[in-house]
Amino acid sequence: MQLDPDDERILAGEFGETRQQMMELLVGLGTVYGAERFVPIASAQVSGASYKTIGEWGLEWLSSLDARAVVPAVLNPVGMDLERWQEMGIDPAFAKKQEQVVAVYRRLGIRLECTCTPYYLSLTGYGDHLAWSESSAVCYANSAIGARTNREGGPTALAAALVGKTPYYGLHLVENRKPTVVVRVEGAPPSPDAGWYGALGVIAGRQVGSRIPFFSGIRPTRDGLKSLGAAMAATGAVALFHVDRITPEARVFSYDLGGLEAITVGSDEVAAAWSGIPVDAVAIGCPHCSGEELGLIASLLEGKRVTKPLYVFAARRVIREHPREVAVIERSGARVYADTCMVVSPAFERYGAVMTSSGKASVYLPSLCGGAARLGTVEECVAEATS
Ligand code: F3S
């Protein structure tokens, strides 16, 4: 890789041992993937934040680092709401460890927004180069915004945050952003909600794998795009997709689809992802809710009381910006938590089965929380929690 004089000085250890290690990591990554140089990044998003997923080894490694982020960098969700963890029933011993992880990230200069939807917090524009690591955030940034990021691991996103650059390869290059498979959706309902797109993503991701799909036959809102991408990143390894006449780069590539394999997904296959198993709790907000989603949930809960636990997750700033919607939701007995989610918090390990509107969460709840998952639309989730 070609390094500029500043990179060489970092690599030589002039700016401390941590930056030197981080530069070595990034040079190694770039060399493996054939990058010729680095590209400066507009922001980083760092996963590996919940003590549940990183454990003692992760905490020890993070504690050994000594540098500060040189670009805006946001943390992924942690294992609990940092202000309301007791109410969530989190074990104090876990909370203590989680607070230590958070303290280390604060020292490293990572913003403690603790969200997988950093695109609601700061302007991320078309063509921006990023180093983001949470798979749904990566998919949304690439697909819905037209920014450019590879699917980073937690350590490489952190390294990019501390150095301000990432190797220039993969999805940073326009030629690697072309669709490689066509997905035709047949019989989509007129205005499906994000839950339907989550189910579509579960099915499509399995068939698409790590390719770049170009969708036709759907017209998702931004929340639909978020849900579709999150689920495809979970069942496949999708980091970028295009939707005909919807996503910003679809126009660029829609003339060049000849010769690509075409897959058809019918609405009957999507409906088969729904099940009717009994559940103990309901969770919405994977990825974290937008303001519009909080508004939808509030309108569905207005004047009702929940009969089983209903959890809603969103970024703290989004929660603060929607006090009316949050008040309506919480008046029903449901809870709106920040900083965490149903997958990375140990709070969900106590439930045998959870209903969710998230295709992604329906995939990860069984493996990471040990219970069964049932998928439904947001409306069906609220109906289940209030029935
Ligand atoms: Fe976000 Fe947690 Fe889902 S990190 S994408 S809400 S699994």
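Reader: In what order do the four strands of the open sheet stand?
Author: Keep in mind that you're looking at a predicted model. Its four strands pair in parallel and form an open sheet. At the edges you'll find strand E8 (242–243) and strand E9 (262–266), each pairing on one side only. Reading across, the order is E8-E7-E6-E9.

Reader: Which residue in E9 does Val182 stand opposite?
Author: Start from strand E6, which covers residues 181–186 and runs parallel to E9. Five bridges join E6 and E9. As for Val182, the residue opposite in E9 is Ala262.

Reader: Into which domains is the protein divided?
Author: Follow the chain by residue number. Domain 1 takes 5–174 and domain 2 takes 178–271. That leaves one more on the list, domain 3 (281–386).

Reader: What area is buried between domain 2 and domain 3?
Author: The centres of domain 2 and domain 3 are 24 Å apart, going by C-alpha atoms. Where these domains meet, 12 residues of domain 2 are in contact with 17 residues of domain 3. Carbon and sulfur atoms give 63% of the buried area, and the total is about 980 Å².

Reader: Which three residues supply 41% of the area that domain 2 buries against domain 3?
Author: Look on the domain 2 side for the trio that supplies more of this area than any other three residues. They are Asp193, Lys226 and Ala234.  One of them, Lys226, also has a salt bridge, with Glu293.

Reader: Which residue meets Lys226 in a salt bridge, and how many salt bridges are counted between domain 2 and domain 3?
Author: Side chains of opposite charge can pair because their charged atoms come close. Here the side chain of Lys226 meets that of Glu293, at 2.6 Å from N to O. Between domain 2 and domain 3 the count is one salt bridge.

Reader: Which helix gives the largest share of the side of domain 2 that touches domain 3?
Author: Across this interface there are four residue pairs in polar contact. Helix H7 (194–208) and helix H8 (222–235) each supply at least two residues of the domain 2 side. That side divides into six nonpolar, three polar and three charged residues. The largest share, six residues, comes from H8.

Reader: How far apart, N to O, are Arg9 and Asp6 in their salt bridge?
Author: The whole structure holds 23 salt bridges. Arg9 and Asp6 both sit in helix H1 (residues 5–11), three residues apart, which is about one turn of the helix. Their side chains meet in a salt bridge, with an N to O distance of 3.9 Å.

Reader: Is the peptide bond from Cys286 to Pro287 cis or trans?
Author: Most peptide bonds are trans. Pro287 lies in strand E10, residues 281–289. With omega near -10°, the bond from Cys286 to Pro287 is cis.

Reader: What is the phi of Cys114?
Author: Most residues other than glycine have a negative phi. You'll find Cys114 in the loop between helix H4 (92–107) and strand E4 (130–132). Cys114 isn't a glycine, yet its phi is positive, at about 50°.

Conventions
Residues are numbered from 1 along each chain as its sequence is written. This is a predicted model: local features need pLDDT of at least 70, side-chain atom pairs count only at pLDDT 80 or more; totals for chains, interfaces and linings use all residues. Side-chain values use heavy atoms; hydrogens and water are left out. Domain bounds come from an automatic or database domain assignment. Contact means heavy atoms within 4.5 Å. Buried area is the accessible area (1.4 Å probe) that two parts lose on being put together, summed over both. A salt bridge is a side-chain nitrogen of Lys or Arg within 4 Å of a carboxyl oxygen of Asp or Glu. A polar contact is a pair of N or O atoms within 3.5 Å; within protein, one must be able to donate a hydrogen and the other to accept it, and residues adjacent in sequence count only if both atoms are side-chain atoms. Ala, Val, Leu, Ile, Met, Phe, Trp, Tyr, Cys and Pro count as nonpolar, Asp, Glu, Lys and Arg as charged, and the others, Gly among them, as polar. Two strands pair if DSSP finds at least two bridges between them.
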